[in-house]
Amino acid sequence: MYQRIFGLVLLLICIGLGIVAWDYHAPFSYEPVGPRSYPLLLLLLMGLGAIYLIAVKPAGAHETADEHDHPMDRHVLIKVTGCVVVLTVYAALFETLGFIPASMLFGIVMARLYEGSWLASVIAGVVLAIGLYLLFDKALDVPLPLGILAGLEN
């Protein structure tokens, strides 16, 4: 039940933010796809995840939807608080460190927060950061800050 409520709230937030982002027009355009593409893409992905939580995610064969939900206990609240802290630190370090190092750290810490092994966390963080950089900077031509890696750019 908690997952479906969360999914509904998330979907409403995504729709609201999508409406705001859709009308955004920067006074200048330094990228071919425009400044609203990144937030709209993220909102679309989050909205699809919310729809999955609301409508698609079935309970197991022998369990009801209520048995499938996890209680909102101290352990869950610590993880949610940890996510907020990690996202805040990521936003603060994004330009200073650059997209790739900040995203690597973010991916590793988030994976460890949700009990991933060190090896899996490091692999996921590195693949996520480099893959997203290649997608946005090279494929979509959206410039991302290189930060400490600026010297490697040719």
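Asp137 touches Val142, Pro143 and Leu144, leaving aside residues up to four places away in sequence. I begin with this residue, and I should say at once that the model before you is predicted. Asp137 is located in helix 6. Is Asp137 buried or exposed? Its relative accessibility is 14%, and because buried means under 20%, Asp137 counts as buried.

Two of those contacts lead us to the nonpolar interior. Val142 and Leu144 both belong to the largest nonpolar core, which has 10 residues in all. The other members are Tyr90, Phe99, Ile100, Ala102, Ala129, Tyr133, Phe136 and Leu146. Helix 5 and helix 6 each supply at least two residues of this core. As a general remark, nonpolar side chains tend to be buried together in soluble globular proteins.

Let us take one member of that core, Tyr90. Which residues does Tyr90 touch, not counting those up to four places away in sequence? They are Phe99, Ala102, Ser103 and Phe106.

There is also a second, separate core, made of 6 residues, among them Cys14, Ala21, Leu43 and Ala50. Leu43 and Ala50 bring us to helix 2, where they are listed as buried together with Ser37, Gly47 and Leu53. These buried residues of helix 2 pack against helix 1, which covers residues 2–22. Helix 2 itself has 20 residues, and the distance from its first C-alpha to its last is 27 Å, close to the 28 Å expected at 1.5 Å a residue.

Helix 2 also has a part in the surface. Leu41, Leu44, Leu45, Leu48, Ile51 and Leu135 form a nonpolar patch there, and together they have about 510 Å² of accessible area. Helix 2, residues 37–56, gives the largest share of this patch, 5 residues. One of the patch residues, Ile51, is partly exposed, with a relative accessible area of 38%.

I close with charge pairing. How many salt bridges does the structure hold? The structure holds 1. In this salt bridge the side chains of Glu115 and Lys79 meet, at 3.2 Å from N to O. The pair links distant parts of the chain, 36 residues apart: Glu115 lies in the loop between helix 5 (99–113) and helix 6 (118–139), while Lys79 lies in helix 4, residues 74–97. The two partners also stand apart in accessibility: Glu115 counts as exposed at 56%, whereas Lys79 counts as buried at 13%.

Note on methods:
Residues numbered from 1 in each chain as written. Predicted model: local features only at pLDDT ≥ 70, side-chain atom pairs only at ≥ 80, totals over all residues. Heavy atoms only, no water. Salt bridge = Lys/Arg side-chain N within 4 Å of Asp/Glu carboxyl O. Helix = DSSP H or I, 4+ residues; strand = E, 2+ residues; numbered from the N terminus. Buried < 20%, exposed > 50% of the residue type's maximum accessible area, 1.4 Å probe, protein only. Patch = residues over 30% accessible without salt bridge, like charges linked within 9 Å, V, L, I, M, F, W, Y side chains within 5 Å. Areas by Shrake-Rupley, 256 points an atom, 1.4 Å probe, with all protein chains shown as cover. Contact = heavy atoms within 4.5 Å. Expected span 1.5 Å × (residues − 1). Core = buried A, V, L, I, M, F, W, Y, C linked by side-chain atoms within 4.5 Å.
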